[in-house]
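Colleague: Could you walk me through one part of this chain at close range, a loop and what it touches? I'd be glad if you then set it against the rest of the chain, with a few other residues along the way.

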Amino acid sequence: MTSAERADRPPAADLVIAGCTVLVHDEGDDGGGRIDFVDDAAVVVRDGVIDAVTTAAAVAALPAAERIDGKGQVAMPGLINCHTHSPMVALRGIAEDLPVEEWFNDWIWPIESNLTESVVELGALLACAEMISGGVTTFADHYFAMDRVAAAVTRSGMRANLGWGYFSSQGAEGRERSLDFALRAAGAADGRITTSLAPHAPYTVDDEDLAATARLAREHGLMVHLHAAENRAQTDHSVERHGLTPVEVLERTGLLETDLLIAHGTGITDGDLSVLRRATGRIAVATAPRGYLKFGWDTTPIRALASIGLPVGLATDGAASNNTLDVWESMTLTALVQKSTERDPAWLTARQALDHATAQSARALGLDDRIGALAPGRRADLILVDLTGPHTLPLHDHAATLVHSARSSDVRTTIVDGRVLMRDRRLLTLDVPAIAAELARELPALTRRRQGRRIQEYDG
């Protein structure tokens, strides 16, 4: 090879994935994303960024530090868990078949009074392992001792938006701790960590604290992540006590003037839609359908929220209520529950469900300029999904197969920032048996319930 030929040759890639089918987003003029699939394609990664989405033939001779054969697999954006409490995997299955008031007051909040920072980190590590295994590359977490969750994110290689939760019962200290963490941790883990302020909910955080949170969010350019209008009973109680729905409380306290992520929103009313429509901040909702089915709640009104332009991201909530951090399952259930609720089999198509799991979830976290689509310039957060199993064949429609036939266990490879975190179902950054064994030693002290000792009272 001559020096001129060497000069014309493109520099070596860090990673090339070739021979796969690539899920691509076609951004329409209206800003809405449309899902399509390109066969015999390739993804080129350099410096943690997608450099090109091209044909397999175009990269056949391209030098690369690492190559992955994507034959029989779909390359798609990593899934995003828009609302969870990762350390709560330590409480998975501990309180079942209960109404939400009893679940919180008699089980979860008494047990959480025993939390140690060690349990928080171990739970978060186990959660990260579960999410990586299921093709989740980013999650939004709302919990306590968040420095330890940040440590788990750093160790795992995942991307996360983290918020230190607080109640008004903690006094000003809770709000100040949430702000301090948000400012300190932003940009950690080589930029993979972003942060939010995290008041728990309008029924546990008073108007004064909510208004102060809104001011701090605007002052520091932070997102706010909280629970609101979680179910219809909560909305009815708010109207009885305050004459306002939870969404109207958010407006009164200025939170609708901030970038706001609302967890659940199954109690959002028709009247709330006009309130949300006039919001001046970037508002989004996270939906976690499995938990709503368990608690006997309604579901998030995705169709109504779509009509006013609000993105709805997919979520799991914590594993204490949801039992799983499987966003793949959330995607399937979202499609099915929405069809049932709306009595419309044409609503929430498989392609729409994939859009919620990727691009809309990225918008919900304010990360749509970085992740959520496979396109040049986006961070290389992607997964490879094997569609050669008997339960996914024959392959007539990639979208329908991914949403209604494939499972999270079909994810073969998970990549964040161009780094392979799981290859051929083998986790590369976390040792699950070691984490689980260490957590098991902590569980006896954690799970003792102490009568009358709760971190908070649920009276939504």
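Modeller: Happy to! Let me begin with a term: two residues are in contact when they have heavy atoms within 4.5 Å. Please also keep in mind that this is a predicted model.

With that, here is the loop I picked. Leu62 sits in the loop between E3 and E4. Setting aside the neighbours within four places in sequence, Leu62 is in contact with Pro10, Pro11, Ala13, Val16, Val44, Arg46 and Arg67. Is Leu62 buried or exposed? The cut-off for buried is under 20% relative accessible area. Leu62 has 12% relative accessibility, so it counts as buried.

Pro63 belongs to the loop as well, which runs between strand E3 (49-55) and strand E4 (64-69). Pro63 has a relative accessible area of 24%, so it is partly exposed. As for distances, the C-alpha atoms of Pro63 and Asp14 are separated by 8.8 Å, although their positions lie 49 residues apart along the chain. Looking the other way, Leu62 and Pro77 are 15 residues apart in sequence, yet their C-alpha atoms are 23 Å apart in space.

One of the residues that Leu62 touches, Val16, gives us a way to move on. Strand E1 covers residues 13-27, and Thr21 has its place there. Thr21 counts as buried because its relative accessibility is 10%. The side chain of Thr21 makes a polar contact of 2.8 Å with the side chain of Asp39. Beyond four places in sequence, Thr21 touches Asp39 along with Phe37 and Val38, then Gln73, Val74 and Ala75, and also His398. The contact with His398 brings in a residue a long way along the chain from Thr21 in numbering.

His398 also leads to an unusual spot. Helix H15 spans 398-404, and Pro394 is in the loop between strand E14 (382-386) and that helix. The peptide bond from Leu393 to Pro394 is cis, with omega near -5 degrees. Most residues other than glycine have a negative phi, and most peptide bonds are trans.

Two residues other than glycine have a positive phi and deserve a look too. Phi of Ala229 is near 45 degrees, and Ala229 lies in the loop between strand E10 (223-228) and helix H7 (232-242). Ala229 is buried, as its relative accessible area is 1%. Phi of Arg425 is near 75 degrees. Arg425 is found in the loop between strand E16 (419-423) and strand E17 (426-427), and with a relative accessible area of 31% it is partly exposed.

The helices offer two buried residues to set beside the loop. Met146 has its place in helix H4, residues 146-156. Its relative accessible area is 0%, so Met146 is buried. Apart from neighbours within four places, Met146 is in contact with Asp141, Leu162, Gly163, Trp164 and Phe181. From Met146 to Pro199 is 53 residues in sequence and 14 Å in space, C-alpha to C-alpha.

Gln338 lies in helix H13, residues 327-342. Gln338 counts as buried because its relative accessibility is 2%. A polar contact of 3.2 Å joins its side chain to that of Trp347. Outside the four-place window, Gln338 touches Trp347 and Leu348, as well as Leu333, Thr299, Thr300, Ile302 and Arg303.

Now for the chain that surrounds the loop. It has 16 helices and 17 strands. A compact globule of 460 residues would have a radius of gyration near 23 Å, and the chain agrees with this at 22 Å. Along the principal axes, its C-alpha atoms fill a box of roughly 75 × 50 × 45 Å. Of the 460 residues, 59% count as buried, Leu62 being among them. Among contacts with a separation of 6 or more, 73% join residues 24 or more positions apart.

Finally, the surface and the charges. The accessible surface comes to about 17700 Å², and 48% of that belongs to carbon and sulfur atoms. The chain has 44 positive and 63 negative side chains, and the centres of these two sets lie 4 Å apart.

How values were computed. Residues numbered from 1 in each chain as written. Predicted model: local features only at pLDDT ≥ 70, side-chain atom pairs only at ≥ 80, totals over all residues. Heavy atoms only, no water. Helix = DSSP H or I, 4+ residues; strand = E, 2+ residues; numbered from the N terminus. Rg over C-alpha atoms; globule rule 2.2 N^0.38 Å. Buried < 20%, exposed > 50% of the residue type's maximum accessible area, 1.4 Å probe, protein only. Areas by Shrake-Rupley, 256 points an atom, 1.4 Å probe, with all protein chains shown as cover. Lys, Arg positive; Asp, Glu negative; His and termini not counted. Charge placed at Lys NZ, Arg CZ, Asp CG, Glu CD. Polar contact = N/O pair within 3.5 Å; in protein donor to acceptor, adjacent residues only side chain to side chain.
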